[in-house]
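Hi there,

Here is the structure I promised to pass on to you. Have a look through it first, and then read my notes below.

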Amino acid sequence: VIFQYQRPPLLHFAFLALDKFREKFGRFPVAGCDQDARKFVEFTASINEAAIDYKMDELDEKLLQHFASGSRAVLNPMAAMFGGIVGQEVVKACSGKFHPQYQFFYFDSLESLPTYALDPKDLKPVNSRYDAQISVFGSKLQKKMRDSNIFVVGSGALGCEFLKNFALMGVSCGRKGKLTITDDDVIEKSNLSRQFLFRDWNIGQAKSTVAATAASAINSSFHIDALQNRACPETEHVFNDAFWEGLDAVINALDNVNARMYMDMRCLYFQKPLLESGTLGPKCNTQMVIPHLTENYGASRDPPEKQAPMCTVHSFPHNIDHCLTWARSEFEGLLEKAPNEVNSFMSNPAEYAAAMRKAGDAQARELLERVRECLDKERCDKFEDCIAWARLKFEDYFSNRVKQLTFTFPEDAGTSTGAPFWSAPKRFPHPVQFSAVDSSHIQFILAASILRAVSFGIPIPDWAKNMGNLADVVSKVAVPEFEPKSGVKIETDEKATNLSSASVDDAAVIEDLLTKLEACAKKLPSGFQMKPIQFEKDDDTNFHMDLIAGLANMRARNYGIQEVDKLKAKFIAGRIIPAIATTTAMATGLVCLELYKVLAGDHPVEDYRNTFANLALPMFSMAEPVPPKEMKHQDMRWTVWDRWSIKGNITVAELLKWLSDKGLTAYSVSCGTSLLYNTMFPRHKDRLKRKMVDVAQEVAKVDVPAYRKHFDVVVACEDDDGNDIDIPLISIYFR
């Protein structure tokens, strides 16, 4: 039973009984004291007898004894969890936007207590900062916590909260304990609102290092190792087998699904508990992934986030999100991707040309056209060239393209079914006429020309940021007349994934572009390189958000869409996931309550809790984790958590015999993406007498590092009736 519906009334009576106990004795009940517990139960029973509306037929005396024993203790996870809830209610009250809750809320986590009986002697204080925790869980579990080896992945909002909690709980604070935290990110200004271990002067520093230092200031006994490695296949030499095998638990503090999936895979492989959590504004969820007890994180997936069709973003936007998505795409294309392509070409023209010829498609053609634009007709040598480029880009984006679109699809155009082409949600656009007296136009020119100058390494003159001077220069730029063309194809298919239209002449066009590029390269100085600009939303002086906001708002003006200020543009284009301290505190508090269970050990799956909460409503939903799917064959049982091991430097034939003894006929053996053995290929019979490791090294190019004593193979098997049997991964320990 997940929810104990009888507990809230009982807890209500228990708190009234606690007030009565303190009033009579002037103190809290002593932890582990039977006499105090009995007196407390008597007070609760008398309150229940006097109750009218919520009188209970039977009292859970064991719960009341636990309540009395731990009534004096303040536990960090509980404080974090309730602090998040109360903090959000305070925000509601202070803002006046929502009405705070006006009722009682009771929450307990009795399942976090050890499964073994607690000796009253084990609950006595030892004059340490952890005495409150010891009075609830005992010194035995406290020692396990202090000596635990924990891996925390991520040092952002969740990571900071976890480190604070662990420092206060005493996790990894013993001589044998160690906490490893890794994060390859650095601190940005926008982090400071919710990642509270960081300060202004830490901006630009490594998150994990700063967080570790701050957490060590909370508890000087904290044994913490801060790394700046991304947890991924490329860093498995850092987080190697010995590292993983020594872990007691893994805590995810990540912000993307791909990293979560990788960590889930590693925890499955090494059979380590994974405590997962995530937040989104006032929402949070926690998931416990416990070896052999629960399903893994990857067993169930959320549906993919719906994205606007490409043709909508590029030609038919109808909200500001579409405009900002397009603006971000153009920013990256002009200032990051194009310069990168130029540098690739200039570094090794022959190799680059060969790669483009091999691709030979519309995307290769488009890349080459961008490179040619940078090195030929749009090349800038002085700042005035950058201003001219920005002015012509304005005309192209917000006038010429719109004229071409409305020429191809006039306002009265119809679809093949006879319906109006420009029906909702499509908006009929109008070109924007450039005006040197419109400050938003000049601001766009300023941002675009400065960033163009940066990418070409051109010095920015002092007069550049004077709007009057800039308007004078831009007014002198010659803008050619534009005439729409017939036969221009504009993508309208919402299922299209690429706007570049393929052509039978792609190869010929690519060859022509390469010839022109080679001619351009000869005119450039030796070693010419551009500076790619990577979008950075948090630097208010770099003009990145000025350009993106300008691009988006001019496009919005084309389509009659409400424009936004730079802050709102930053929120959307910067893809900032809203995170608030209250939700983060609650999520980490709930996870830490589960950590008690993980480190104590021997808890059944019924004791663990997955949670989904929404503090805005507020709503709290807790459930037992789902057990892993069990597979069967004859008298064998296994789940996704199992891995079969074979010790010895065996041959292929010996592997097949080992499986045959289990009633399984192996017909295919693979390692990585390579096929080591398959009954369909006669020549594979020659491999039967060879050692598995030799075949893996020759065929799969397996390079087993010195620290690893085994390699893994995936075997496809069937039973005697020809039914496929999905067996676990097999590890062959050949050393």
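Let's start with helix α15, which gives the most to the lining of the second largest cavity, with 3 residues. Before we go on, please keep in mind that this is a predicted model.

So what else is around that cavity? Its volume is about 30 Å³. Helices α15 (383–408), α16 (439–456) and α19 (544–559) each supply at least two residues of its lining. If you want to click on the lining residues of this second largest cavity, pick Leu-334, Trp-389, Lys-393, Tyr-397, Phe-444, Ala-448, Leu-547 and Leu-551. Sorted by class, they come out as 7 nonpolar, no polar and 1 charged.

How many cavities of 30 Å³ or more does a search of the whole structure find? The search turns up 2. The largest cavity has a volume of about 50 Å³. Its lining is made up of Phe-151, Ala-231, Cys-232, Thr-235, Glu-236, Phe-239, Trp-244, Tyr-262, Met-263 and Arg-266. Here the classes are 7 nonpolar, 1 polar and 2 charged. Which helix gives the most to the lining of the largest cavity? That is α10 (residues 257–270), with 3 residues.

Now for the pockets. I only have notes on the second largest pocket, which holds about 1400 Å³ of space. There are 50 residues lining this pocket, and the closest to its centre are His-66, Phe-67, Gly-70, Leu-110 and Leu-113. The elements that give two or more residues to its lining are α1 (7–25), α2 (34–50), α3 (61–69), α4 (76–95) and α5 (131–137). Of these, α3 gives the most, with 7 residues. By class, the lining of the second largest pocket splits into 30 nonpolar, 11 polar and 9 charged.

On to the cysteines. How many disulfides does a search of the whole structure find? The count is 0. Take Cys-232, which you met in the lining of the largest cavity. Cys-232 is in no disulfide, and the nearest cysteine sulfur, that of Cys-267, is 15 Å away. Is Cys-232 buried or exposed? With a relative accessible area of 14%, Cys-232 counts as buried, because the cut-off for buried is under 20%.

Cys-380 is worth a look too. Its nearest cysteine sulfur belongs to Cys-386 and is 4.0 Å away, and Cys-380 is in no disulfide. Why not? A disulfide needs the two sulfur atoms within 2.5 Å, so the 4.0 Å between Cys-380 and Cys-386 does not qualify. Cys-380 is also buried, with a relative accessible area of 4%.

Finally, the overall layout. The chain is divided into domain 1 (73–299 + 578–623), domain 2 (318–495 + 503–560) and domain 3 (630–733). Taken over C-alpha atoms, the centres of domain 2 and domain 3 are 54 Å apart. UniProt, in an unreviewed entry, places the feature "domain: Ubiquitin-activating enzyme E1 C-terminal" at residues 608–730. Over residues 608–730 the chain is 14% helix and 37% strand, and the C-alpha atoms at the two ends lie 30 Å apart.

That's the tour. Have fun turning the model around!

Cheers

How values were computed:
Residues are numbered from 1 along each chain as its sequence is written. This is a predicted model: local features need pLDDT of at least 70, side-chain atom pairs count only at pLDDT 80 or more; totals for chains, interfaces and linings use all residues. Side-chain values use heavy atoms; hydrogens and water are left out. On a 1 Å grid over the protein atoms alone, a cavity is a set of points where a 1.4 Å probe fits but cannot get out, and a pocket is an open set with protein on both sides within 12 Å along at least five of seven lines; lining residues have an atom within 4 Å of a point. Grid points are joined across faces, edges and corners, and a volume is the space filled by probe spheres set on the points. Helices (H or I, at least four residues) and strands (E, at least two) are DSSP runs, numbered from the N terminus. Ala, Val, Leu, Ile, Met, Phe, Trp, Tyr, Cys and Pro count as nonpolar, Asp, Glu, Lys and Arg as charged, and the others, Gly among them, as polar. UniProt positions are given in the numbering used here, feature names are shortened, and annotations may be inferred rather than shown by experiment. Buried means under 20% relative accessible area, exposed over 50%, partly exposed in between (1.4 Å probe, protein chains only). Domain bounds come from an automatic or database domain assignment.
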